[in-house]
Amino acid sequence: MTPSTLTVLRPGLVDYRTAWDEQRRLHDAVVAGDQPDTILLLEHPSVFTAGKRTEPADRPSDGTPVVEVDRGGKITWHGPGQLVGYPILRLPDPVDVVAYVRRTEQLLIDVCAEFGVATERVEGRSGAWVRADGRGPDRKIAAIGIRVARGVTQHGFALNCDCDLSAYDRFVPCGIRDAGVTSLSAELGRPVPVAEVLPVLERHLPTLF
C-alpha cells in the first residue's frame, strides 16, 4: 500500500445508498486485486446513518428515516457542505485497525491546521476535536466510522466544512451528549466550502499510509 498507487475519485454530490453500493463494488475489486487502493471524496444529500452501536435514544425524535449501516460507531449525519471520504485501502499485515483510525485522525487534524483551526484527539472518542474554550465545550469537527473486511477498509470520515449545523440538533451525534459539533466555517467566521478544502485534503492523503 503506497500513496503512489492510490486512485482518487471525486463524484460530487451522491445519494448515500448509491455511494454505499459503489463502496461495496470497489471493496470487492480491491480485495480481488482487480482495483488499486481507492478513495471516494464526495458530498451527500442530507441523510442520517446509524452504525452498529447506535442506541434508540440517540435517534432523531421526529421520525426522520435513518439508514442502517455496517460500520462501527453510532449515529451521524451527512449533508451538503460536509466533505466525506471513503478510503478503500488494503491494510498491511498484521491488520491494525486502531493504527489506521489514528492515521485518519492525523489526516483530519493536519487539514484543519492548514486552515488555522487547532484540533486534537480526545481520549476515548474518535475524530478531530476543537477543545473547550470561551466559545463552548469540546466540539467535534470531523467524525470517523470504519469497517475492515478481508483486510480492506470501508466507510471512513466526514469533515464539516460549511454545512448546516442545525441538522445535529435533531439527534445525539455519535451518541455523545456532553459535547458539541462545529465546522471550519463556524470556527473561522467565514464560508469554507468543500471545494476549498478538497485540494488541501488530497495533499494530506499520504498520511493514511
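These legends go with close-up views of a predicted model.

**View 1. Asp28 and Arg150 meet across a long stretch of chain.** Here's a salt bridge between Asp28 and Arg150, with the closest N and O atoms 3.0 Å apart. Asp28 belongs to helix α1 (residues 16-32), while Arg150 sits in the loop between β9 (139-149) and β10 (152-160), so a gap of 122 residues separates the partners in sequence. How open are the two ends, as relative accessible area? Asp28 is partly exposed at 43%, and Arg150 is exposed at 57%.

**View 2. Lys74 pairs up with Asp58.** The closest N and O atoms of this salt bridge are 4.0 Å apart. Lys74 comes from the loop between β4 (66-68) and β5 (75-78), and Asp58 from the loop between β3 (47-50) and β4, so the contact ties together parts 16 residues apart in sequence. Are these two charged residues buried or exposed? Lys74 is buried, with a relative accessible area of 15%, and Asp58 is buried too, at 0%. Both values count as buried because the cut-off is under 20%.

**View 3. Glu114 in α2 reaches Arg203 in α4.** The salt bridge between Glu114 and Arg203 brings its closest N and O atoms to 2.6 Å. Glu114 lies in helix α2 (residues 97-114) and Arg203 in helix α4 (residues 194-203), with their positions 89 residues apart in the chain. Glu114 is partly exposed, with a relative accessible area of 43%, whereas Arg203 is exposed at 52%.

**View 4. Four charged residues share a network.** Asp133, Arg135, Arg139 and Glu187 are linked to one another through salt bridges. For context, a search of the whole structure turns up 17 salt bridges.

**View 5. Helix α2, from one end to the other.** At the start of α2, a side-chain oxygen of Asp96 comes within 3.3 Å of the backbone nitrogen of Val98. How far apart are the end C-alpha atoms of this helix? They are 26 Å apart, which agrees with the 26 Å that 18 residues should span at 1.5 Å a residue. Just after α2, Gly116 takes a positive phi of about 85°.

**View 6. The buried residues of α2.** Tyr100, Val101, Thr104, Glu105, Leu107, Leu108, Ile109, Val111 and Cys112 are buried. When you trace them, it helps to keep the helical repeat in mind: an α-helix has 3.6 residues a turn, so residues three or four places apart point the same way. Among the buried residues are Val101, Thr104, Leu108 and Cys112.

**View 7. Strand β10 and its two partners.** Nine of the nine residues of β10 are buried, so the strand is largely enclosed by the rest of the structure. Strand β6 (residues 82-88) runs antiparallel to β10 and is joined to it by four bridges; Gln82 stands opposite Asn160 in this pairing. Strand β9 is antiparallel to β10 as well, and eight bridges join them. In that pairing, Ile146 stands opposite His155.

**View 8. The β9–β10 hairpin and its turn.** Just two residues lie between β9 and β10 in this hairpin. Which residue in the turn has a positive phi? Arg150 does, at about 55°. Arg150 is also the salt-bridge partner of Asp28, and Arg150 is exposed, in contrast to the buried residues of β10.

Note on methods: Residues numbered from 1 in each chain as written. Predicted model: local features only at pLDDT ≥ 70, side-chain atom pairs only at ≥ 80, totals over all residues. Heavy atoms only, no water. Salt bridge = Lys/Arg side-chain N within 4 Å of Asp/Glu carboxyl O. Buried < 20%, exposed > 50% of the residue type's maximum accessible area, 1.4 Å probe, protein only. Expected span 1.5 Å × (residues − 1). Polar contact = N/O pair within 3.5 Å; in protein donor to acceptor, adjacent residues only side chain to side chain. Pairing = 2+ DSSP bridges.
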